[in-house]
Amino acid sequence: MDMLAGKVKMTAQTVDAAMNAAINPAANLAQLVDRPIRLTARDVTVHYGAKQALHGISIDIPDRAVTAFIGPSGCGKSTFLRCINRMNDTIEGARVGGTILLDGENIYDPDLDVVELRARVGMVFQKPNPFPKSIYDNVAYGARIHGLARNKTDLDEIVVSSLRKAGLFEEVKDRLNEPGTGLSGGQQQRLCIARAIAVGPEVILMDEPCSALDPIATAIIEELIDELRENYTIVIVTHSMQQAARVSQRTAFFHLGNLIEQGVTEDIFTNPVNKQTQDYIMGRIG
Amino acid sequence: MSTFIVAGLLLVLLGLAYQLGWSKSRALSTPQGVRVHSRGQYHGALVALWTLVPAVLVLGVWAFFSPGVTHWYTVSQIPADVLASLDQVGLNQQMQRIRDLASGFGVTGELRTFEEAAGQNLARFQLLSFLIMLAAAAGLGVLGLTFARRRINPRLRARNEVERAISWGLIACSAVAILTTMGIVASLVTEAFRFFTYINPLDFFFGTVWAPKFSSTGAGDAGQYGLLPLLTGTLMISAIAMLVAVPVGLMTAIYLNQYAHANLRKVVKPIIEILAGIPTIVYGFFALVTVGPFLRDFGNTIGLSISATSALTAGLVMGVMIIPFISSLSDDILNQVPRTLRDGAYGLGATQSETIRNVLLPAALPGIVGAFLLAVSRAIGETMIVVLAAGNAPILRGNPLEPVSTITVSIVNQLTGDTDFTGPQSLVAFALGLTLFIMTLCLNIVALYIVRRFREQYE
């Protein structure tokens, strides 16, 4: 049933996007039309103890595009993000309802292996959180625990290519054995992105990845996100509407635990349908 | 009785002073437009302080001088010819008789004429000096009160002065603790040096035989005071205790911190901490009565000869005693590891045990090592368990299945019965105590250094 609903919705969206593309012939919109849906969420609810944090979220997230979640503090956008790789399992007293399908597979299926899911759905956190290990070991960590490398050469290759993709390799190539905690904030965050990439995920979740960074480091990360879009499905939670406008192709607006409006980023920002979305974008709430 | 009078008088003065200061302060703020710097309660407190401090000073001076003055007065009451015939012991007895008469306690034997008069005079003298002291204290207190009350005006910075007085009070309290510690260390060091005038320090620190002879066995040979048998016993028992306590305590902490459900944790954590509240003497007889015989019988069945009282018995039970110490310290340290680090590992698909092994423990390691060192210093200084369960055999040997002795046990042995502190037999206790103190001090310094470095990393 859920699958069917997803397909119907997708058709509607595809038509939508096609119409938008006709009106506004931006290049990325044209791309978006062909993007298949990677993640489908239906009626997702989250309770923390007795408090309900999410009231039935339904959304489709396209492959190889950046989807941004925006909304005021406490609106549930981070909570929903943490549902996608089941990070809420680690919070005591959190209960998740509804279904989330990744490539048609319910990630809340009791038979599903959470470890495998988190290898497929990587995550970058608000505060850079490198482990108190060397830069090399930080990146190699995920590959090691999942047994991705057969020998040292393999592992070296994974580390170097991940650092390259994260745009950090040139800056740290001479000090791979120094502690990751000694890097600057922006470098630490790119190290965390490299660490996530090294596991070979398909989806990367980013929970306000730039909120602890200065504008220059933010610009570098945003550029990086844009490059990563070629190969990964990216979901980013952000406080900054400008950031959502710059990096994302689709945007979803959350308010008080509800998904108020979702659609192509340019539509949301130029022509929001919902009054609350309008107010938020104009700076009247949040 | 007199203590209650003094305390009551001080309390009445204090309350009166506070009220007077407060009421004057209230009178200040009545006229409109006058801005009073401090609130009424600070004016009250300031006046109360000005009353209390002089009164207490008078009491202190009196407490310091009154024994000497009383002594001098008592001696002066004894006629010169009697005084000349008395030696030191006789004088003390004579003065005690006079004091007993003065307090109404009464004396046995024949009452001499001068004694009765002296007793009455002494009683009168004591009452008089007490009243004078009381009057002086009250008088100075009232003087202080009047002075402080007259100072009250809108611009008086009473709040700042009271705050300063509070900080001085706190400094005085901490000085008591620090000075006491310094005094103890100083007495340890000086007495230990006295010991080393009898026994060569080299023979003490590197001697392998512990065989002190009690002074009652005759003069001359004082016995041998080699530290090594005791040191090895201490270290062996501590090592066994840590072998028990570290794995169990650490695993308990990890379980409670990471795996246990909140409700379970709420029940289990206090129970474990209750273990820390059991008096060590109880652990001691538990070791002596239950664990020791059990180990001996168990040894028999597998063909090992284990003494009922041995390093193993004492070490095992001491380990159990230290478990709550390690588990609750480690739990606190694990709590300090930021949640974001754990999330990072989970987000990469690490399992719970991988996260704990690869991220949580390495991040918490310095703090946990610090906790271990603190636990070791407790184990080294522990006394009651080893007194009862280690067997008291100060012989240098490496077998934990046989009785040993420790530094603490030897201090107990040397100081029971023979405590005149004139020979090496009892003075050795100070040398042993100094050794223990230096060992635990070094461990604590290292532990605190490590813990502090760890704290800096995550704040």
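**Exercise 1. Place N392(B) in chain B and classify its exposure.**

Step 1. Locate the residue. N392(B) sits in a loop of chain B, between helix 14 (384–389) and helix 15 (407–415). The model is predicted.

Step 2. Check the backbone. N392(B) is not a glycine, yet its phi is positive, near 50°.

Step 3. Count neighbours. N392(B) has 18 C-beta neighbours inside 10 Å. A buried residue needs 20 or more, and an exposed one has 12 or fewer. N392(B) therefore counts as partly exposed.

**Exercise 2. Treat E208(A) in the way used for N392(B).**

Step 1. Locate the residue. E208(A) belongs to the loop that links strand 7 to helix 9 (215–228) in chain A.

Step 2. Check the backbone. Phi of E208(A) is positive, about 45°, and the residue is not a glycine.

Step 3. Count neighbours. There are 21 C-beta atoms inside 10 Å of E208(A), so this residue counts as buried.

**Exercise 3. Work out the topology of the six-stranded sheet in chain A.**

Step 1. Write the order. The strands of this open sheet run 6-7-8-3-9-10, and the pairing is mixed.

Step 2. Find the edges. Strand 6 (121–124) and strand 10 (258–264) of chain A each have a single partner strand, so each has one side without a neighbour in the sheet.

Step 3. Add the twist. From one strand to the next, the twist averages 15°.

Step 4. Assign the pairs around strand 3. Strand 3 (residues 66–70) of chain A runs parallel to strand 8 (residues 233–237) of chain A, with four bridges. In that pair, A68(A) faces I236(A) of strand 8. Strand 3 of chain A is also parallel to strand 9 of chain A, again through four bridges. There, F69(A) has A252(A) of strand 9 as its bridge partner.

Step 5. Assign the last pair. Strand 9 and strand 10 of chain A are antiparallel and share six bridges. A252(A) is bridged to Q262(A) in strand 10 of chain A. The hairpin of these two strands has two residues between them, and L256(A) takes a positive phi near 50°.

Step 6. Add the helix. Helix 8 (residues 185–198) of chain A lies across strand 6 and strand 7 (203–207), at about 170° to strand 6 of chain A.

**Exercise 4. Decide how enclosed strand 9 of chain A is.**

Step 1. Count the buried residues. Six of the six residues of strand 9 (residues 250–255) of chain A are buried.

Step 2. Split the strand by direction. R250(A), A252(A) and F254(A) point one way, while T251(A), F253(A) and H255(A) point the other way; all are buried.

Step 3. Conclude. Strand 9 of chain A is largely enclosed by the rest of the structure, because six of its six residues are buried.

**Exercise 5. Describe the four-stranded sheet of chain A.**

Step 1. Write the order. This open sheet is arranged 2-1-4-5, with antiparallel pairing.

Step 2. Find the edges. Strand 2 (51–62) and strand 5 (105–106) of chain A pair on one side only.

Step 3. Take one pair. Strand 1 (residues 37–48) and strand 2 of chain A are antiparallel over eight bridges. L39(A) stands opposite I61(A) of strand 2 of chain A.

Step 4. Add the helix. Helix 3 (residues 77–84) of chain A crosses strand 1, strand 2 and strand 4 (94–102), at about 120° to strand 1 of chain A.

**Exercise 6. Characterise the largest nonpolar core and its surroundings.**

Step 1. Find the hubs. The largest nonpolar core holds 156 residues, and those touching the most other members include I237(B), V317(B) and I326(B).

Step 2. Find the main contributor. Helix 11 (residues 311–336) of chain B gives the most, with 15 residues.

Step 3. Inspect one hub. Beyond its neighbours within four places in sequence, I326(B) contacts A245(B), V246(B), G249(B), L250(B), A371(B), F372(B) and A375(B).

Step 4. Look for another core. A second, separate core has 17 residues, among them W22(B), A45(B), W50(B) and L145(B).

Step 5. Set out the domains. Chain B is divided into domain 1 (2–156) and domain 2 (210–457). Their C-alpha centres lie 50 Å apart.

**Exercise 7. Describe the chain A side of the interface.**

Step 1. Count. In chain A, 22 residues are in contact with 16 residues of chain B.

Step 2. Name the elements. Helix 4 (114–120), strand 6, helix 5 (135–145) and helix 8 of chain A each supply at least two residues.

Step 3. Sort by class. The chain A side has 12 nonpolar, six polar and four charged residues.

How values were computed. Residues numbered from 1 in each chain as written. Chains lettered and ligands numbered in written order. Predicted model: local features only at pLDDT ≥ 70, side-chain atom pairs only at ≥ 80, totals over all residues. Pairing = 2+ DSSP bridges. Axes fitted to C-alpha atoms, helices over the stretch in contact; angles between N-to-C directions. Contact = placed C-beta atoms within 7 Å. Core = buried A, V, L, I, M, F, W, Y, C linked by C-beta atoms within 7 Å. Domains from an automatic or database assignment. Nonpolar A, V, L, I, M, F, W, Y, C, P; charged D, E, K, R; others polar.
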